[in-house]
Amino acid sequence: MTGYHAVTVLADAIVKGADINKEEAMQAMVKTATNRYFPSVTDYIRLGYAPFDNDDTAASNTLEYSFDDWTIYAAAKAMGNEQVATEFQKRALHYRNTFDTTIGFASPRYLDGTFKKDLDPYQTYGEGFIEGNSWNFSFHAPQDVFGLMQCMGGEQAFLDKLNALFAMDLPEKYYADNEDITAECLVGGYVHGNEPSHHVPYLYAWTSTPWKTQEWLRTILNKMYRNDIRGLGGNDDCGQMSAWYIFSALGFYPVAPGTDQYVLGAPYMPYMKLKLENGRDVEIKAPNVSDKSRYVQRVRINGQPYSKLYITHSQLTEGCIIEFDMGPKPNRKRGLALTDKPYSLTLP
């Protein structure tokens, strides 16, 4: 929602090999990340977080700046620019500074280092976040999911919160006065109608229950995208809800732009074919997929067994056939090895 997200577009282009002037792009990215036009950037650089004393959305700004900084790090690393990479690797971890480990939630923090007392993680207004509450924004570190788990107290605590987010009954008082969010935008407390949350269902890929991504994606697709005059569960800011649908229906999603990875979910339809600009094709086959058979049993790419929970940009652009064997029960053994997990800045 905030931040300087133009840098993520440039960083993603550099990492994925787009034909752009990389040096010019890097200069623009670094200059943007130090521009005092953005709220609290000077304090953020100095303290490692945006202070709540003079920034009403300090917590979400810290989280979003930190992700943007990580994309600069990733691009600099890809270019061999170690000086910029070292500086922005440190800033990529600033998201940690807005976590109140006593409560396990992202929380606004004051200049003196103390956190806001009596944080209401269900409330959007007055709690240090913009267009989102702490329940949703606390998962906003897609560049370092394993590190995020530690901020929450470890994998089990992370899973408990993730499960609770989708299962809760969010009281109406928390969205009654929000012009963008209605009950139709919610799956539990997960706000699909608000784009900062869109990566959250994919975070199970880093856990011991990666199959839960497949479980929730189909629920979200069915509820948030209906053939009805009010069939879109939210507003389509910059086409993001539509983009999420297309990616998720295909069976993969760019959780952290700035990597070359797309995290695998599960296809929504039995057959899809993409014709790429380079003349190659990507075919996606899931002949048995349905609301009941929503769980991935096995994956093959070009006929070869594939165990990883992500696919790379080059695999797609080279053209490939991705086959998903689907079933009514999860494969609880697939994707558990650390080598099969998607990217994380730090490892467990």
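**The five-stranded sheet**

Begin by selecting strands E7, E8, E12, E9 and E10: in that order they form an open sheet of five strands with mixed pairing. E7 and E10 (304–305) occupy the edges, where each has a single partner strand, so one side of each lacks a neighbour in the sheet. The model on display is a predicted one.

Next, restrict the selection to E7 (residues 271–275) and E8 (residues 281–285). These two strands run antiparallel and are joined by five bridges. To check the register, display Tyr 271, whose bridge partner in E8 is Lys 285. Then follow the chain through the hairpin of E7 and E8, where five residues lie between the strands. Within the hairpin, centre the view on Gly 279, which adopts a positive phi near 90°.

Keep E8 in view and add E12 (residues 320–327). Here the pairing is in the parallel sense, over four bridges. A suitable pair to label is Ile 284 and, opposite it in E12, Ile 322.

**Helix H1 against helix H2**

Move now to the helices and select H1 (residues 6–15) together with H2 (residues 22–32). Their axes are 10 Å apart, and the helices pack at an angle of about 150°. Because an angle over 145 degrees counts as roughly antiparallel, H1 and H2 are described as roughly antiparallel to each other. The crossing in which H1 passes H2 is left-handed.

Show the side chains at this contact. H1 contributes Val 7, Leu 10, Ala 11 and Ile 14, while H2 contributes Lys 22, Ala 25, Met 29 and Thr 32. Coloured by class, the residues of this contact comprise six nonpolar, one polar and one charged.

**Helix H1 against helix H4**

Retain H1, hide H2 and select H4 (residues 58–79). The axes of H1 and H4 come within 9 Å and cross at roughly 25°. H1 is therefore roughly parallel to H4. This crossing, too, should be viewed along the line joining the helices: the crossing of H1 and H4 is left-handed.

For the contact itself, display Val 7, Thr 8, Ala 11, Ile 14 and Val 15 on H1. On H4, they meet Phe 67, Asp 68, Thr 71, Ile 72, Ala 74, Ala 75, Ala 78 and Met 79. The contact of H1 with H4 has 10 nonpolar, two polar and one charged residues. Val 7, Ala 11 and Ile 14 belong to the H1 side of both contacts.

**The whole chain**

Finally, zoom out and select the entire protein chain, which has 11 helices and 12 strands. Its C-alpha trace spans about 55 × 50 × 40 Å along the principal axes. The radius of gyration is 20 Å, which agrees with the value near 20 Å for a compact globule with 348 residues.

Definitions and conventions:
Residues numbered from 1 in each chain as written. Predicted model: local features only at pLDDT ≥ 70, side-chain atom pairs only at ≥ 80, totals over all residues. Heavy atoms only, no water. Axes fitted to C-alpha atoms, helices over the stretch in contact; angles between N-to-C directions. Parallel < 35°, antiparallel > 145°, perpendicular 65-115°, else oblique. Left-handed = near helix turned anticlockwise from the far one by under 90°. Contact = heavy atoms within 4.5 Å. Nonpolar A, V, L, I, M, F, W, Y, C, P; charged D, E, K, R; others polar. Pairing = 2+ DSSP bridges. Rg over C-alpha atoms; globule rule 2.2 N^0.38 Å.
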